[in-house]
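Q: Please take one part of this protein and look at it closely. Start with a charged pair, then follow the chain into the packing around it.

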Amino acid sequence: MSGERVSASQRISVAHRAEQEILRYKDDHALWHKHIHGVDLDPMQVLKCIEMDMYPNTIDVSCRRTGKTAVKEMHALKHNACNPHQEVGIVAPRQQQAQTNLTYHVDAIRRSPILSGYLAHKSGRQQLSDTKYQLYNGSKGIAYGIMSQIDGDGLSYASLEEMDDMPAERLYSNFFPMLGSARRLGVAADVSFKPQIRITGVFKGADTLQGFIDSKAYHLLPIVNMYLGIELGILNESYCTQKRGEMPEGEFIRQYLCRNVAAQNHIWDKYIRLALSIGIQARLEPAGPMPGERYKKRGLVSFGYDHSGHGESMTASKSALVVSEQLGNFTAFIYVKTWPAGTDDNVVRRDLVGLWRYFNPDYAMGDAFGVGMLTSVNDDLYREGLTHIDRRTIGDGDSNASTWQQWAFAPIRFEGMTKHSMAAALRAAFHNRQAAIPPFDEDLEALEGDVEPNPHWNNEHRVSASDTADWRLFTRQLGNMKAVPNKSGAYSSYKQVDPKIGDDLFDAACAGVWALTTRGADHVPTIISGRTQSRAQLLGAGYGR
């Protein structure tokens with residue numbers, strides 16, 4: 001009966017019987033997974049399992065949604081079940097992502113009476129949770145974030161996810177040393193703890209994953225790209241064809257054709273990935289307005305605003321805001337927001353005032369194309385006491401370029417030499433490794449997929465695709481701009497590589513960084529210099545003496 005109490009002796013008997021079934025097909029991956037938890041591996045997954053048995057360190061850079069993560073975790077689960085006292089450490093940029101991988105193990109255990117009967121018990125409690133599990137033979141699986149503290153743990157199997165998002169130095173200093181131990185307390189001397197490292201991920205333009213491949217210390221598993229996935233029947237051909245038309249060429253080649261083609265536009269993809277890696281190391285979190293709260297500033301905060309209707313195409317031009325914070329020598333982008341094209345200016349105005357009330361920026365610059373709306377914003381800020389600057393007292397209340405720079409929310413023209421200087425300042429922040437972006441979920445297909453969430457996760461683990469849409473657009477737009485020579489040759493102009501992606505958040509980021517760089521472009525009074533000449537000098541008297 002389901003509600004009947006199971007004694008300790010009965011659990012031992014069930015575990016012994018389960019162990020016999022677990023070891024029955026331990027040398028055949030396809031039969032083992034079918035027999036133990038009812039999963040059919042495709043031919044490529046079986047081949048990958050065989051090669052993982054042959055090579056202790058492997059890398060899989062196959063296309064998304066081809067089951068590379070699933071087969072890696074299934075191999076780790078089988079390794080745990082068939083070998084005693086092993087410890088699988090699942091490592092991802094954030095623990096939430098590692099928990100997603102651990103779900104493969106947990107779901108397999110829950111749907112398998114054999115594995116469920118093989119779970120360990122302590123004080124009568126089953127050793128199964130959202131972050132770890134332990135089997136009767138002493139083997140366990142644990143989920144970690146890249147910044148987790150794991151000193152004292154002894155890993156024998158490292159499962160690494162999204163390698164290009166993780167700082168390599170953190171792996172070498174914190175996680176890889178945990179694989180070196182060849183003994184465990186209370187474990188027989190004949191138990192093997194041969195370390196294994198399994199890496200999966202797609203190329204994202206960073207050097208971390210490519211560096212591991214170039215080291216020749218890791219075996220590259222067979223790659224399943226988009227076309228092979230379609231032939232195997234595991235990818236939807238019409239969906240992949242649609243993505244080919246939507247995505248920039250470099251991104252499509254990296255993610256769907258599995259070739260490491262790093263885009264080197266105005267801001268290189270390599271440095272955008274590095275900024276995300278720095279955000280993970282610094283434990284940055286995206287900010288956002290909360291009712292009744294004010295943002296706790298750690299440095300100078302700036303607003304950068306780009307107005308709708310001023311871009312290469314009307315469909316790609318939205319109103320956009322980027323909030324930046326100066327943290328030491330680093331510029332951290334803490335909040336991004338877009339408004340759909342055609343949004344009423346009054347809606348944007350109220351939102352900007354509300355965001356100012358929360359962030360209380362030190363400097364703010366916005367697109368002069370929306371100077372009418374920014375004029376109302378400045379008036380609202382003064383009327384509500386959010387700034388002491390009354391723009392009506394500057395230059396007799398005139399609204400022109402000579403008075404804008406003294407406003408609280410200063411309009412600035414995104415054109416000519418000014419735009420070149422702004423874009424150069426933004427590029428310098430990234431290429432000098434002094435930019436930081438908070439981590440966020442980038443796997444849109446997984447977020448939008450029809451996957452039932454783990455019911456035992458807390459609310460903060462439930463992430464929707466809409467929560468990160470602006471952040472994903474922000475990182476894509478940063479790498480979507482290229483510099484083209486101006487007709488005069490004195491400075492560069494900037495065009496979009498793919499007009500469908502847009503440039504609004506890029507322009508807003510330029511304004512925000514420029515506001516921090518110039519400290520709001522404080523007004524400098526014009527100085528007129530001259531010299532006095534006598535009448536004789538003007539007539540040329542004494543010339544040549």
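A: A salt bridge here is a side-chain nitrogen of Lys or Arg within 4 Å of a carboxyl oxygen of Asp or Glu. Arginine 254 and aspartate 269 satisfy that, with N and O 3.2 Å apart. Arginine 254 sits in helix H11 (residues 249–256) and aspartate 269 in helix H12, so the pair ties together parts that are 15 residues apart in sequence. Helices (H or I, at least four residues) and strands (E, at least two) are DSSP runs, numbered from the N terminus. Both partners, arginine 254 and aspartate 269, are buried. Buried means under 20% relative accessible area, exposed over 50%, and partly exposed in between (1.4 Å probe, protein chains only).

The basis comes next. This is a predicted model, in which local features need pLDDT of at least 70 and side-chain atom pairs count only at pLDDT 80 or more, while totals for chains, interfaces and linings use all residues. Residues are numbered from 1 along each chain as its sequence is written, and side-chain values use heavy atoms, without hydrogens or water.

Now follow H12. It spans 269–281 and supplies at least two residues to the largest nonpolar core. Such a core is a set of buried Ala, Val, Leu, Ile, Met, Phe, Trp, Tyr and Cys residues joined through side-chain atoms within 4.5 Å. This one has 38 residues. Phe333, Leu426, Phe430, Ile437, Phe474 and Leu478 touch the most other members. Other elements that each give at least two residues include strands S11 (319–327) and S12 (330–339), and helices H16 (416–431) and H18 (469–478). Helix H19 (504–518) is also on that list. H19 gives the largest share, nine residues. A second, separate core holds 29 residues, among them Leu321, Ala332, Leu381 and Leu386.

Leucine 426 shows how the largest core packs. Contact means heavy atoms within 4.5 Å. Setting aside neighbours within four places in sequence, leucine 426 is in contact with Ile267, Phe333, Leu478, Phe506, Ala509, Cys510 and Val513.

Past H12 comes a loop that leads to strand S10 (300–306), and leucine 284 lies in it. Arginine 283 is in this loop too. The two side by side make a contrast. Leucine 284 is buried, at 7% relative accessible area. Arginine 283 counts as exposed, at 55%. Its backbone also stands out: arginine 283 has a positive phi of about 55° although it is not a glycine. Most residues other than glycine have a negative phi. Leucine 284 and phenylalanine 333 are 49 residues apart along the chain, yet their C-alpha atoms are separated by 9.6 Å. Beyond four places in sequence, leucine 284 is in contact with Gly279, Arg298, Leu327, Ala332, Ala436, Pro438 and Pro439.

Phenylalanine 359 extends the picture. It lies in helix H13 (residues 345–359). Its relative accessible area is 0%, so phenylalanine 359 is buried. Its C-alpha is 8.5 Å from that of valine 323, which is 36 residues away along the chain. With neighbours within four places left out, the contacts of phenylalanine 359 are Ala287, Gly288, Tyr295, Lys297, Phe303, Val323, Ile334 and Tyr335.

Back to charges. The count of salt bridges comes to 17. One of them joins lysine 72 and glutamate 73, with the closest N and O atoms 3.7 Å apart. Both of these residues, lysine 72 and glutamate 73, are buried. Another joins arginine 392 and aspartate 390 at 3.1 Å, N to O. Aspartate 390 is buried, with a relative accessible area of 12%. Arg17, Glu21 and Arg24 form a salt-bridge network.

Serine 123 offers a second positive phi outside glycine, near 55°. It is in the loop between strand S3 (121–122) and strand S4 (125–126). At 81% relative accessibility, serine 123 counts as exposed.

Finally, the whole protein. It has 20 helices and 17 strands. Of its 545 residues, 50% are buried. Among contacts between residues at least 6 apart in sequence, 72% join residues at least 24 apart. So the charged pair is one link in a wider set: arginine 254 and aspartate 269 tie H11 to H12, and H12 in turn supplies residues to the largest core.
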